[in-house]
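Thanks for coming, everyone. Please have a look at the chain on the screen, and then I'll walk you through the fold.

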Amino acid sequence: MICKYCGELLEEGQNVCPSCGREQSEDQPSGQKKLSPAKLTLIIVAVVVLVAVLAVVVYLGVNGSFTPKENDIYYKDSYTLSGSKLSASQDKVVATLGDYSLTNRQLQVFYWMQVFDFVDYYSSYIYYFGLDITSPLDEQYYDEDSGTTWQHFFLDSALTAWRQYKMLSIEAENAGYEMPEAYQTFFDSLESSMQESADSNGYESIDAMLQAEMGEGVTYAEYLEYLRLYYVGNLYFSEVINSIEVTDQELEDYYLENAETLESSYGVTKDSGMLVDVRHILIMPEGGTTVENEDGTTSTEYSDEEWEACREKAQEIYDLWLSGDMTEDSFAELAVEYSEDGSASDGGLLDTFGAGTMVEAFEDWCLNQTHVSGDTGLVQTEYGYHIIYYVDGEEAWILYAKSGVLNEKAVELLAEYVDKYAYEVNYKAIGFGAADLTTTS
């Protein structure tokens, strides 16, 4: 299963994404029309990548870099086509990256995926952006002063996304990169799972379902190519960036240059202490007696026998893990099965927390700086007994500095790729079909 918000691979039955923390329910926040099952199948673009692409567009818009030219985003007031004009335009080349090309048919997938993901990510807040999903996007302004419609906005985002995904996938191919097996399994089963979705929602084919969501002419082949470019390119790039060694001097230099921002924006200084990732399995005591407190509230008190029964149950589960391969994965599986905490569906993961966020006994164990990855323990708190697996930890300032350094290196590397591949867009040739964002069938 793939997270429909950020594209992270999820374990079977996992309902909360460990990367973006979002529940995989089809229910949308109040104020937004519920997207159709087909749209929910489509929305799997990584949020981080989406925000990065949109940030580029917003930056350009705010800074007035969109000056009308003969061949730019403003070449047409509207790029929407229909009927014979749409059919005749679909295989026209609209952009090139080195020796590679993009057609209108392919662009249409990129375009509508940007729209769907924006609408889904911002949910009911889209109206604060002045975006009305019930009206054509080429008839409402993102920025009226510059003449930028929402269609211009998403078109520029789509072209930027194609350029980025394509150049990253080329780099991946040149490096001989192969997707992890789990992702390849996802691709191998994608067609059958989408056919099931099409069948269950009354479409005669996958193409019919896609065209209902993204307009006439879109086929499974274009959609599959979109997914392939996205996953291959971004998985490869993530691997490249995460393999970069950051030196102590780079960390120190970054902190000194950004200390004021780190403290004012994130409350991080060199005295902020540790940030840790742990997994835990919470076993709560059973029974108890309800008592009334002096302030009028009630609480539950447990006898020594009830607490001992709770400890014994926790110890049995702990022993079960100790009798196995004692890995983080096996611990996570037991958390899903036994933990009574809300993090159970995520394998008991509590990530990137520091002092002042957990109950004292739990926090004291987790923030003990002598722990190394793989350490475990059994801790009692007011909620019950916690079996804890220490995943990793680092001083807060180092984590923030490392993230900043790697982000800078990622931007530099992307800039090198941009310079490496010649890129051209023929706005005159662009034209694609409309889609109904309010579809609920």
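Start at the end of helix α7. Right after α7 comes G215, and its phi is positive, near 95 degrees. Helices here are DSSP runs of H or I, at least four residues, and strands are runs of E, at least two, both numbered from the N terminus.

A word on the source. This is a predicted model, where local features need pLDDT of at least 70, side-chain atom pairs count only at pLDDT 80 or more, and totals for chains, interfaces and linings use all residues. Residues are numbered from 1 along each chain as its sequence is written, and side-chain values use heavy atoms, with hydrogens and water left out.

Stay with α7. Which of its residues are buried? They are I206, M209, L210, E213 and M214. Buried means under 20% relative accessible area, exposed over 50%, partly exposed in between, with a 1.4 Å probe and protein chains only. These residues sit on the same side of α7, because they cover an arc of only 110 degrees around the axis. That arc is taken from the directions from the helix axis to the C-beta atoms.

M214 leads us to the core. A nonpolar core is a set of buried Ala, Val, Leu, Ile, Met, Phe, Trp, Tyr and Cys residues joined through side-chain atoms within 4.5 Å. The largest one has 83 residues, and L107, Y111, F154, L155, L159, M214 and I430 touch the most other members. Several elements each supply at least two residues of this core, including β1 (93–97), α4 (104–122) and α7 (206–214). The largest share, 13 residues, comes from α5.

Now I430. Leaving out residues up to four places away in sequence, I430 touches K76, Y79, V94, N104, L107, L155, L159 and V425. Contact means heavy atoms within 4.5 Å. Apart from the largest core lies another, of 15 residues, among them W307, A314, I317 and A335.

On to the sheets. Strands of a sheet pair through backbone hydrogen bonds, either parallel or antiparallel. We call two strands paired if DSSP finds at least two bridges between them.

One open sheet has three strands, in the order β2-β1-β11, with antiparallel pairing. Its edge strands are β2 (100–103) and β11 (423–425), each pairing on one side only. Between β1 and β11 there are three bridges. T96 stands opposite E424 in β11. Helix α4 lies across β1 and β2, at about 75 degrees to β2. Helix α5 also packs on this sheet: it touches β1, β2 and β11, and makes about 40 degrees with β1. Axes are lines fitted to C-alpha atoms, for helices over the stretch in contact, and angles run from 0 to 180 degrees between N-to-C directions.

Another open sheet has four strands, ordered β8-β5-β10-β9, again with antiparallel pairing. β8 (349–353) and β9 (376–381) are the edges. Ten bridges join β5 (residues 274–283) to β10 (residues 384–395). D277 has D392 in β10 as its bridge partner. Helix α11 (residues 328–338) packs on this sheet, touching β5 and β10, at about 50 degrees to β5. Helix α13 touches β5 and β10 too, at about 55 degrees to β10.

Last, the cysteines. How many disulfides are there? Zero, taking a disulfide as a pair of cysteine sulfur atoms within 2.5 Å. C310 counts as buried, at 3% relative accessibility. C366 is buried as well, with a relative accessible area of 0%.
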